[in-house]
Amino acid sequence: MCMGNTTQKLAALTDLGDKRLNKRLEKTVDRLAQNIKEPIPTASMNKATMKATYRFFENDKTDARKIIEGHRKTLIAGLENEEKPARILQLDDTTEFDFTGKRSNDDLGCLNYKNRKGIYLHNSLLMSDLGIPLGLLEQTMWSRDPEYLGNSAKRANWPLVEKESYRWYHHFKTGQALVKQTPGLEWVYVADREADFMELLSARTEERMHFLIRSQFNRNLLDDDLKLWDKVAEQQSVFTYKIKLENPETRKEREAQLEVRVCKVTIKTGRRTAGIRDLEPVEMNVIDISEINVPEGIDEPIHWVLLTTLPIDTVAQIKEAIKYYVCRWVIERFFYLMKTGGANIEELQLSTQRRLENAIATYSIAAMDVMKIRYLAENQPDTPINELGITAEEHEALYTVLNQEYSKKIVYDPNEVPTIREYCIAVGMLGGFFASKRQPLPGLKILSRAFGKYTLLVKFFNITRMSKNL
C-alpha cells in the first residue's frame with residue numbers, strides 16, 4: 001500500500017553506501033507507515049522481516065543524516081512540479097524523546113536533568129501554502145553532556161556554532177540554500193520564540209526566502225526612542241477579525257476575536273557575536289495580534305508579536321501571514337504522531353543512541369505519509385485516491401469489508417474512484433471512527449491505529465481471492 005509518493009524514489013535518491021541498504025530503507029519506511037502504531041515485531045509480520053529491520057538500524061553504514069538527505073532529495077524533485085507562483089512553509093520546532101530506563105539508558109546523554117536520558121529532535125517540516133505537509137527538509141538530533149547543565153551564563157559567550165540555538169540558524173540556512181534550487185517558489189521559515197536571535201534574523205540573503213518568527217525580546221530600534229513592542233503597541237488597530245484555533249493537545253477548537261496592529265521597523269544589533277561578523281541593523285515588518293473579548297475560562301489569551309519579511313501592505317497580506325503562523329502547529333501534530341499519537345518512539349528498546357537515531361529518522365519519513373493522508377483529506381478533499389498510488393485492489397478490499405461489517409451504504413464500485421476525503425473516513429472506520437459534525441474526519445491517532453488493520457485486511461482479502469481462483 002502506497003500512501004502518497006514519499007517513498008517512490010527513496011531508494012534511488014538515498015546513498016547509504018549499499019544499494020541493498022537503500023532498498024531496505026524504502027521497504028522499512030513503507031512497512032512502518034502501514035503499521036505505525038504497532039511495535040516493530042508486530043509491524044514486521046514475520047521473523048525474517050523483523051530481523052532485517054533491526055539489522056538495518058544496527059548496520060554501520062546506516063546513517064540518520066543520510067536517510068533524511070535522501071528523503072530531502074525526493075522533496076526537491078516534487079517541488080519542481082509545484083504550481084507557480086506558490087509558497088512553501090518551513091515549520092521549525094524541537095521535541096524530546098525520553099528513554100530513561102530503556103536499554104539505551106547507559107549510552108545516552110541527558111535531557112534537562114542529569115538522570116533523564118534521551119534525545120532532542122529538531123525538525124524542519126515542509127508544508128504547502130494549501131495546508132498539505134510535504135516532508136522533512138532537515139533533522140537534527142542530540143543529547144546533552146551532564147556538564148552542559150547549569151552553565152547558561154558561560155554558554156552565552158560561546159560561538160553560535162557551539163550553542164544549541166545553532167540548530168535554528170542551520171535549518172534556516174538549509175532552507176535558504178534550497179530556494180536557489182526551486183525557482184518560482186517563495187520560502188517562508190515559520191518558528192516560535194526560540195528562533196528570535198540576531199544571527200538568524202540577519203541571515204537572510206535571498207529575496208524569495210522569508211521568515212515569520214514570534215518575538216521573544218523587546219528589542220531596541222534604530223533611530224527610535226521606543227522599543228519594538230512599544231512601537232507596534234502604539235499603532236492604530238488595522239482591523240479585527242475572528243479565527244478558529246485548535247488546541248494541539250486536546251484537539252478542541254475555539255473561536256478567538258483578534259485585534260491587529262502592524263508597523264515597519266529597523267532593529268538595532270549593536271553587538272559582536274563570537275565567530276560571526278558585526279551584525280548590521282535589520283529591517284522587517286511587525287504584526288501585533290491581541291485577543292479581545294476573551295471568553296470566560298481562557299487563562300492565556302492570545303498575544304503574538306510576529307517578526308517577518310513578508311509584505312504587510314494590505315489586510316489580505318496580513319491575514320495570510322497570521323494564517324502561516326497558525327500553520328506552525330502542524331509540526332506539533334507531527335511530534336504527537338511520533339510519540340503517543342502513533343509511533344510511540346519512546347517505547348523503542350534499541351541499545352545505542354546511533355541505532356535510536358536511525359530508527360527516529362526512518363519513522364519520521366513513515367509518519368509523514370500518515371500526515372499527508374489526513375491533511376489532504378482536509379485541505380484538498382476532492383483529490384482522487386488513484387493519484388496517491390492507492391490501488392484498485394486496496395480500494396476494493398476496504399469497501400467490500402466495510403459493506404459487510406460496518407455499513408451497507410459503503411459500496412465498492414469499480415467505476416467510481418473515491419476522493420481522498422471519502423477514503424480517509426472509510427479507513428478511519430477501521431480504527432473506530434464515525435463521522436459527525438463535531439469531528440468530520442478521523443484524527444492522526446485513529447488513522448495510525450486504522451492503517452495496521454487496513455494492511456492486514458488487504459493482505460487477507462487478496463489471499464482469499466487467490467485461493468478461490470485456484
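How many salt bridges does a search of the whole structure find? The search finds 24. The model is a predicted one. The exercises below work through some of these pairs, then turn to other features.

**Exercise 1. Describe the overall build of the protein chain.**

Step 1. Take the secondary structure. The protein chain holds 15 helices and nine strands.

Step 2. Compare its radius of gyration with that of a compact globule. For 470 residues such a globule would have a value near 23 Å; the protein chain has 24 Å, which agrees.

Step 3. Add the extents. The C-alpha trace spans about 85 × 50 × 45 Å along its principal axes.

Step 4. Check burial. Of the 470 residues, 53% count as buried.

Step 5. Look at contacts with a separation of 6 or more. Residues 24 or more positions apart account for 66% of them.

**Exercise 2. Place three salt bridges in the fold, and give the exposure of each partner.**

Step 1. Start with E69 and K73. Their closest N and O atoms are 3.9 Å apart. Both residues sit in helix α5 (residues 64–79), four residues apart, so about one helical turn separates them. E69 is partly exposed at 36% relative accessibility. K73 is partly exposed too, at 37%.

Step 2. Go on to K242 and E255. Their side chains form a salt bridge at 4.0 Å, N to O. K242 belongs to strand β6 (residues 239–246) and E255 to strand β7 (residues 253–267), so the pair ties together parts 13 residues apart in sequence. K242 is exposed, with a relative accessible area of 52%. E255 is partly exposed at 45%.

Step 3. Finish with K264 and D313. This salt bridge has an N to O distance of 3.6 Å. K264 is in strand β7, and D313 is in the loop between β9 (303–308) and α10 (315–327); the pair therefore ties together parts 49 residues apart in sequence. K264 is exposed at 56% relative accessibility. D313 is exposed as well, at 59%.

Step 4. Note a network. Salt bridges link D93, D192, R328 and E332.

**Exercise 3. Work out the surroundings of K117, a buried lysine.**

Step 1. Locate the residue. K117 lies in the loop between β1 (86–98) and β2 (118–128).

Step 2. Look for a charged partner. The nearest side chain of opposite charge is D106, 5.4 Å away. A salt bridge needs a distance within 4 Å. K117 is buried and has no salt bridge.

Step 3. Look for a polar neighbour instead. A polar atom of the K117 side chain lies 3.5 Å from the backbone oxygen of N105.

Step 4. List the contacts, setting aside residues up to four places away in sequence. K117 touches F97, D98, F99, T100, N105, L108, G109, C110 and L111.

**Exercise 4. Examine two non-glycine residues with positive phi.**

Step 1. Recall the background. Most residues other than glycine have a negative phi.

Step 2. Take M45. Its phi is near 75 degrees. M45 is in the loop between α3 (40–44) and α4 (47–58). M45 is partly exposed, with a relative accessible area of 34%.

Step 3. Take N344. Its phi is positive, about 50 degrees. N344 is in the loop between α11 (329–338) and α12 (353–379). At 26% relative accessibility, N344 is partly exposed.

**Exercise 5. Test the length of helix α13 and find its buried residues.**

Step 1. Count residues. Helix α13 (residues 392–405) has 14.

Step 2. Compare spans. From first C-alpha to last, α13 reaches 20 Å, close to the 20 Å expected at 1.5 Å a residue.

Step 3. Pick out the buried positions. They are E394, H395, E396, A397, L398, Y399, L402 and N403.

**Exercise 6. Characterise L337.**

Step 1. Locate it. L337 is in helix α11.

Step 2. Is L337 buried or exposed? L337 is buried, with a relative accessible area of 0%.

Step 3. Name its contacts, leaving aside neighbours within four places in sequence. L337 meets G342, A343, A367, V370, M371, L444 and S448.

Step 4. Relate L337 to E26. The two are 311 residues apart along the chain, and their C-alpha atoms are separated by 20 Å.

Technical notes: Residues are numbered from 1 along each chain as its sequence is written. This is a predicted model: local features need pLDDT of at least 70, side-chain atom pairs count only at pLDDT 80 or more; totals for chains, interfaces and linings use all residues. Side-chain values use heavy atoms; hydrogens and water are left out. Helices (H or I, at least four residues) and strands (E, at least two) are DSSP runs, numbered from the N terminus. Buried means under 20% relative accessible area, exposed over 50%, partly exposed in between (1.4 Å probe, protein chains only). Lys and Arg count as positive and Asp and Glu as negative; His and the chain ends are not counted. A polar contact is a pair of N or O atoms within 3.5 Å; within protein, one must be able to donate a hydrogen and the other to accept it, and residues adjacent in sequence count only if both atoms are side-chain atoms. Contact means heavy atoms within 4.5 Å. The expected span of a helix is 1.5 Å times one less than its number of residues. The radius of gyration is taken over C-alpha atoms; the globule rule is 2.2 Å times the number of residues to the power 0.38.
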